[in-house]
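Me: Please take a close look at one part of this model, the sheet in the second domain of chain B, and then describe how that part relates to the rest of the assembly.

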Amino acid sequence: MPDHEADGHSLIAKYLRQDRLPHIWCPACGIGPALNCFLRAIDKSGLDPDKISVVSGIGCSGRVAGYVKLDSFHTTHGRAIPFATGLKLANPELKVVVFSGDGDLAAIGGNHLIHAARRNIDMTVICINNFNYGMTGGQVGPTAPYDVRTSTTPYGNFEPPFNLPLLLYASGATYIARWTVLHLHQLEGTITEALLKPGFSFVEVISPCPAVYGRMNKEPEGLDSLKSYEKRSIIKNGADPKEVDITQNGPIIVGKFIDVDRPTLHGSLGVVAERARKPTKK
Amino acid sequence: MTENGHLLGEFFINGDVACAEGAISAGCRFFAGYPITPATEIAERMSRRLPAIGGTYIQMEDEIASMNAILGASWAGVKSMTSTSGPGFSLMMENIGLGVMLETPCVVVNIQRAGPSTGLPTLVGQQDIMQARWGSHGSYEIIALSPDSPQHMFDLTVKAFNLSEKYRVPVLMMSDEVVGHMSEKVVIPQISAADLIYRKMPQIGAGAYHPYKADESLVPPMAIAGQGYRFHVTGLTHDERGYPAMTAAAQDKLVTRLIDKIRLHADDIIMYDEYMTDDADIVVCAYGITSRIARYAVKLARQKGIKAGFLQLITLWPFAEKRVRELASQVKTFIVPEINRGQIVYEVERCSCGKARSVSLPHSGGDVHRPETILAAIKECHA
């Protein structure tokens, strides 16, 4: 057995609920490779797995919480981040990771996403961006490029998409990166970094959805999407988030865009607690 | 002030503040909320008090987030609470359901104002009573309490936490604007650990622990995050392991237990108070602020020689079904004043089974009933 394969098997035993396999994801879905990178990153990070909580919302990516052998919470649609916020604030020793999809995090949960970034709470958000609502059959998502076909944009998407790194940057996230599932090595390294970064870190993972989104957009096989990523991806660490919007056929800028430091929510709460404990002057 | 930061002694405070202090005395150390009249004073009090005693206060971006944050905090092992009023309560509904499904102890305070919609933000209502019972989708049972004074706000908030921890269910404090804003003397007693309930924790190792395997109490032990149990919980219908189970059989098994753990313990949960009901022909049934007026009206009726009595519902849900059934075979008429257009009256009517008449005394909100109005209704039923 080659080393990487043995390595994979031990990771599965260590971090996945094998009694829940096989998983529900379609063949060639990008969530699997992204989860693989996440598990390798946990292993590499040196974090105590008993202290890691994974919180997901609803959708295909939301099912990640159900497969990881960690404390894991499958919450309601869009609400993983506020649930995770309570978890983290009530026990700051926990490393809290939100793993969910673009619709869950940026549409129904969009308000929570920007406020969590603004607070700079210690939390890593991994966002699978496959541009559509896969679980419900491929409706248009908040990140779907202009003019793409989905089951609810049969004549082409008539709305512009969110540029997630720019949205997160404007909201105050201190670590922002994007990779496609073609960039497994970089993705693993980025997630490892994000897990260890104090404050709010956001990792966008561009991911194929061959079963629905791909089928409607001339990428019916997972490999079609990967070839497209290979052709269109440009690695540009430190890219200006304003310059990384994704169009239907244009370049996909990937890399680590933002890595800055700002007071974390936990730190600021500590300052406030200290003030509160001081006896008040009469 | 005790060494753990609890107040002790006599205070002249309003109901909202008494509620916050009740929570602190009950061991609540996490509060997430969103400003809304007439509940804001609870959040303000918590923002001042919690940081000083090792707790956390956070103002979330909306009530949906607040509700989820208290669920998350509870899974980290910390007693948690949020407070709101009608519009925010509506926003919390979906995730009160998540709290029911994940069996998460927490307390949700609703200082009710008059609706629908924005309605009368600063004025009283008791209009969310059926929403408390049925507002989240699906079949479930919930616990809801109704305080009538600042003292009651303190006492019942402590009780709410205890019930919530014991039965692993969100407990709703269905107060109202008048009770929230009125100031009265509140006696805060020494509350010791023996007075407080904390959720049952698993006594077995991580490998053997199933998050939803219950004993005869029907309430499963609750692991908390970060202790090595590596458990999974989901809002999907699930089996004892907490794993999704997409069948009608799994659904029936789970929902039956969620309902039975409350219904079969109704006698332990239900609280009510009675006044002059022993020989009563007419019983006025009320709750919250309205009960204070109803009690007075019954007293006036007795002075006029009318055999009136009073039943105060302290627990709204589960409904005091057994007691109302008993009273129904004794009395001729129930009169139900409430600051809505008829909600609890339907429960009274249902439980009377045709043996006693139920008369609704509705009020659209913005004000409370006059004692004379209730007295006139008693006289009319007496005639």
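Reply: The account below begins with the sheet and then moves outward.

This is a predicted model, in which local features need pLDDT of at least 70 and side-chain atom pairs count only at pLDDT 80 or more, while totals for chains, interfaces and linings use all residues. Residues are numbered from 1 along each chain as its sequence is written, and chains are lettered from A and ligands numbered from 1 in the order in which they are written.

In chain B, five strands form an open sheet in the order E11-E13-E12-E15-E16, with mixed pairing. Its edge strands are E11 (272-275) and E16 (357-362) of chain B, each of which pairs on one side only. From one strand to the next, the twist averages 20°. Strands here are DSSP runs of E with at least two residues, helices are runs of H or I with at least four, and both are numbered from the N terminus. Two strands pair if DSSP finds at least two bridges between them. Strands of a sheet pair through backbone hydrogen bonds, either parallel or antiparallel.

Within the sheet, strand E12 (residues 282-286) and strand E13 (residues 308-313) of chain B pair in the parallel sense over five bridges. Ala286(B) has Gln312(B) in E13(B) as its bridge partner.

Two helices lie across these strands. Helix H10 (residues 289-303) of chain B lies across E11, E12, E13 and strand E15 (333-338) of chain B, and runs at about 165° to E13(B). Helix H12 (residues 344-352) of chain B lies across E12, E15 and E16 of chain B, at about 165° to E15(B). Such angles run from 0 to 180 degrees between N-to-C directions, and the axes are lines fitted to C-alpha atoms, for helices over the stretch in contact.

The domain assignment of chain B gives domain 1 (9-195) and domain 2 (272-382); such bounds come from an automatic or database domain assignment. The C-alpha centres of domain 1 and domain 2 of chain B lie 26 Å apart. Between them, 24 residues of domain 1 of chain B are in contact with 21 residues of domain 2 of chain B, where contact requires that the C-beta atoms of two residues, placed from the backbone, lie within 7 Å. On the side of domain 1 of chain B that touches domain 2 of chain B, the elements giving two or more residues are strand E6 (120-124), helix H5 (129-134), strand E7 (143-145), E8 and helix H7 (177-181) of chain B. H5(B) gives the most to that side, with four residues. The residues of that side divide into 15 nonpolar, five polar and four charged. In this classification Ala, Val, Leu, Ile, Met, Phe, Trp, Tyr, Cys and Pro count as nonpolar, Asp, Glu, Lys and Arg as charged, and the others, Gly among them, as polar.

Two loops of chain B hold residues with notable backbone angles. Arg168(B) lies in the loop between helix H6 (150-167) and strand E8 (170-176) of chain B, and its phi is near 50°, a positive value in a residue other than glycine. With 25 C-beta neighbours inside 10 Å, Arg168(B) counts as buried. Leu218(B), in the loop between strand E9 (183-188) and strand E10 (232-234) of chain B, has a positive phi of about 70° although it is not a glycine. Leu218(B) is partly exposed, with 18 other C-beta atoms within 10 Å. A residue is buried if 20 or more other C-beta atoms lie within 10 Å of its own, exposed if 12 or fewer, and partly exposed in between, with C-beta atoms placed from the backbone.

The boundary with chain A completes the picture. There, 34 residues of chain A are in contact with 38 residues of chain B. Helix H3 (64-67), strand E2 (71-74), helix H4 (80-90), H6 and helix H11 (265-277) of chain A each supply at least two residues of the side of chain A that touches chain B. H4(A) gives the most to that side, with eight residues. By class, that side has 14 nonpolar, 12 polar and eight charged residues. Strand pairing also crosses between the chains: E2(A) and E10(B) run parallel and are joined by three bridges. Ser72(A) has His232(B) in E10(B) as its bridge partner.
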